[in-house]
Amino acid sequence: MAEEQTAGDEDSRRSAVPWLLAVILVLALIPRLQRLGTISFWFDEAYSVKMVSFGLAEILERASRDIHPPLYYWLLRVWAGGFGDSPVALRLMSVLFGVLTVLGVFLFVREAECGLRPTISRPSPFGAGVALFAAALLALSPLHIAWSLQARMYTLGTALAAFSGWFLLRALRRESAQVADWAGYVVLAVALAYTHVFGLFTIAAQAVFAIGVGIYRASSIQSRVRWNTLGAVLVAFFVVEVCWLPWLDTFLEQKQRVLRGYWIPPFRWEQVLETAYQFFAVTEHGPPPSRELKWIATGFCFALTAALLLLGRPGHRLMALGFGLPVASAMILSHFVQPLFITRYFLFAHLSLLCMFAVVVGLVPTRPARTCAIGTVLSLASILCLSQMEHREEQARLPGLAAAMRYVDAVREPGKPLLTGNPMLHLAVLSHIADRDGVRLVGSSQQFPHFQGTPVVRDDEYLPITQLSAVRANSIWIVEGINWNGGTWTVEMPEPWVSTQEARFPEVYGHDCEIVVRRYERRDSLSRLMKERENRHRGVQLPAAAAIPSSQDAWR
């Protein structure tokens, strides 16, 4: 009778899992849709917007001039073809992959709780509970919510990392090769390699783990098919490598480009502490924490990694490698080769950190204590999530570049020159303005570094600074960024141009950040206009003014 009741309770818990997962997915969606189209694009998003204006072949060519692989841009190009290129439409793809990542983490952790035992046909309710807890932590994570709201490749990468880990564990749980599972893993791993360079670290961690499992099984006396696993592992990763080889030459060129100059500041060991804290913070750009908090966060991350790497089940060791190997590799490369230590680059690794945390909390021995621990952690995670949502509401109150471009569209005459002084700001302007005719970037492609967006700026979008004085239009509009995306980007107007109108729009992308819109007029045109007004007041008629040049003639 007791056994029947226990079996009934187990079936009841299993039947509740899909419903609980659905609730978590809905909860993940809510903060990821908040103010989706309100806040302006920043430079990286504007880069994505400009990239989708090209064809698939040209995207490949222009991506090769930058530092990221092309897969995300290809997918975004197809997505924009169906849904448009508005902020809501383009960011919605990131939201979709962000929610899919939550599902992928659930599947990955549930599979990891099986312990690679071929005799287990389905995970236990306990394993499903740990997986639900991990999915809930990800759903509420401020770091992942923030990057789900941006038109960049990071949530595509997190989804591929989670699902590839799930397929890998499924394939390894069977001692005999399963073609469908291995094929699924290979496709997802190749896609991850073509999404972001840091995906290579995740694939490397998976390779170390899978080869270790294969060697262990090959040396096991009890194994009936000892070499099947190792052979399948080697074949799978060989195929992944072969599929990535066409990009290798381009990758090496991109590496040299980064070594010649990149925007990431020199590496400091203090960055390790700061990044560990940002894994749990409300925002990456909040007030600096105390050194004690940073050390606590760092110690927590490394203690989790070491504990599960040494004492955990095989699936737990994959989590530890998935976090530890990318972070350790980035530390070594940043110190000896090129600084690469940026929080968002560790989003794929951060998935493993959240999974490890869920596993450790799930190991609390008694059910009441475990329930209390899970409730406490989820309460704290909810507070962080709500704080992040409140922070985004504050950001949404600022008008920003989107409002500035609506203002320009309302007051600028069609085709009148609109100039910017930096490629980053130029791309952001293009991503929001309705009338793109006459929008130009003052300077040349050789004047700006590649990491400021020059790979996607067409040659005819540049206006050499020597031609400013010769522009025939009687008025010019200038857009400037003050403390915007790490700098102040202005245009120094030569004689005979005089500023006659100015509007300022507070923006979120920097401390005291503003977008400034100015209208300039020629001094001679301005003098004539003032004289016309004076004579009109006196009743004197002047000869007709020369015809205003067209938008095409304005540049001659």
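## Legends to close-up views of the predicted model

**Figure 1. Arg152 is a buried residue, with a relative accessibility of 3%.** The view, like those that follow, is taken from a predicted model. Arg152 is paired with Asp44 in a salt bridge whose closest N and O atoms lie 4.0 Å apart. The two residues come from distant parts of the chain, 108 residues apart: Arg152 belongs to the loop between α7 (142-148) and α8 (154-172), and Asp44 to helix α2. Asp44 is likewise buried, its relative accessible area being 11%. Both values fall under the 20% limit that defines a buried residue.

**Figure 2. A salt bridge joins the side chains of Arg35 and Glu393.** The N to O distance in this pair is 3.1 Å. Arg35 is placed in the loop between α1 (2-32) and α2 (43-51), while Glu393 is part of helix α17 (residues 367-396), so the salt bridge ties together parts of the chain that are 358 residues apart in sequence. Arg35 has a relative accessible area of 36% and is therefore partly exposed. Glu393, at 25% relative accessibility, is also classed as partly exposed. A search of the whole structure gives 20 salt bridges.

**Figure 3. Arg519 and Glu521 form a salt bridge between two buried residues.** The closest N and O atoms of Arg519 and Glu521 are separated by 3.4 Å. Elsewhere, shared salt-bridge partners connect Glu480, Glu502, Arg504, Glu514 and Arg518 in one network.

**Figure 4. Glu507 is a buried residue without a salt bridge.** Glu507 is located in the loop that connects β6 (497-506) and β7 (514-522). The nearest side chain of opposite charge is that of Arg91, at a distance of 8.6 Å. That separation exceeds the 4 Å within which a salt bridge is counted. A polar atom of the Glu507 side chain does, however, lie 2.8 Å from the backbone nitrogen of Leu401. Leu401 is also one of the residues in contact with Glu507 once neighbours within four places in sequence are set aside; the others are Ser40, Leu398, Gly400, Trp484, Cys513, Glu514 and Ile515. Of these contacts, Glu514 also belongs to the salt-bridge network described in the preceding legend.

**Figure 5. Helices α9 (residues 179-193) and α10 (residues 199-218) pack against each other at an angle of about 145 degrees.** The helix axes are 8 Å apart. The crossing of α9 and α10 is left-handed. On the α9 side, the contact is made by Tyr185, Ala189, Leu192 and Ala193. On the α10 side, Gly199, Leu200, Thr202, Ile203 and Gln206 take part.

**Figure 6. Leu252 and Ile67 have C-alpha atoms 10.0 Å apart.** Along the chain, the two residues are separated by 185 residues. Leu252 is situated in helix α12 (residues 248-260). With a relative accessibility of 40%, Leu252 is classed as partly exposed.

**Figure 7. The close-up views are set within a protein of 20 helices and seven strands.** Of its 556 residues, 54% are classed as buried. Among contacts between residues at least 6 apart in sequence, 73% join residues at least 24 apart. Two of the salt bridges shown above also link separated parts of the chain: Arg35 with Glu393, 358 residues apart, and Arg152 with Asp44, 108 residues apart.

Definitions and conventions: Residues are numbered from 1 along each chain as its sequence is written. This is a predicted model: local features need pLDDT of at least 70, side-chain atom pairs count only at pLDDT 80 or more; totals for chains, interfaces and linings use all residues. Side-chain values use heavy atoms; hydrogens and water are left out. Helices (H or I, at least four residues) and strands (E, at least two) are DSSP runs, numbered from the N terminus. Buried means under 20% relative accessible area, exposed over 50%, partly exposed in between (1.4 Å probe, protein chains only). Lys and Arg count as positive and Asp and Glu as negative; His and the chain ends are not counted. A polar contact is a pair of N or O atoms within 3.5 Å; within protein, one must be able to donate a hydrogen and the other to accept it, and residues adjacent in sequence count only if both atoms are side-chain atoms. Contact means heavy atoms within 4.5 Å. Axes are lines fitted to C-alpha atoms, for helices over the stretch in contact, and angles run from 0 to 180 degrees between N-to-C directions. A crossing is left-handed if the near helix is turned anticlockwise from the far one by less than a right angle, and right-handed if clockwise.
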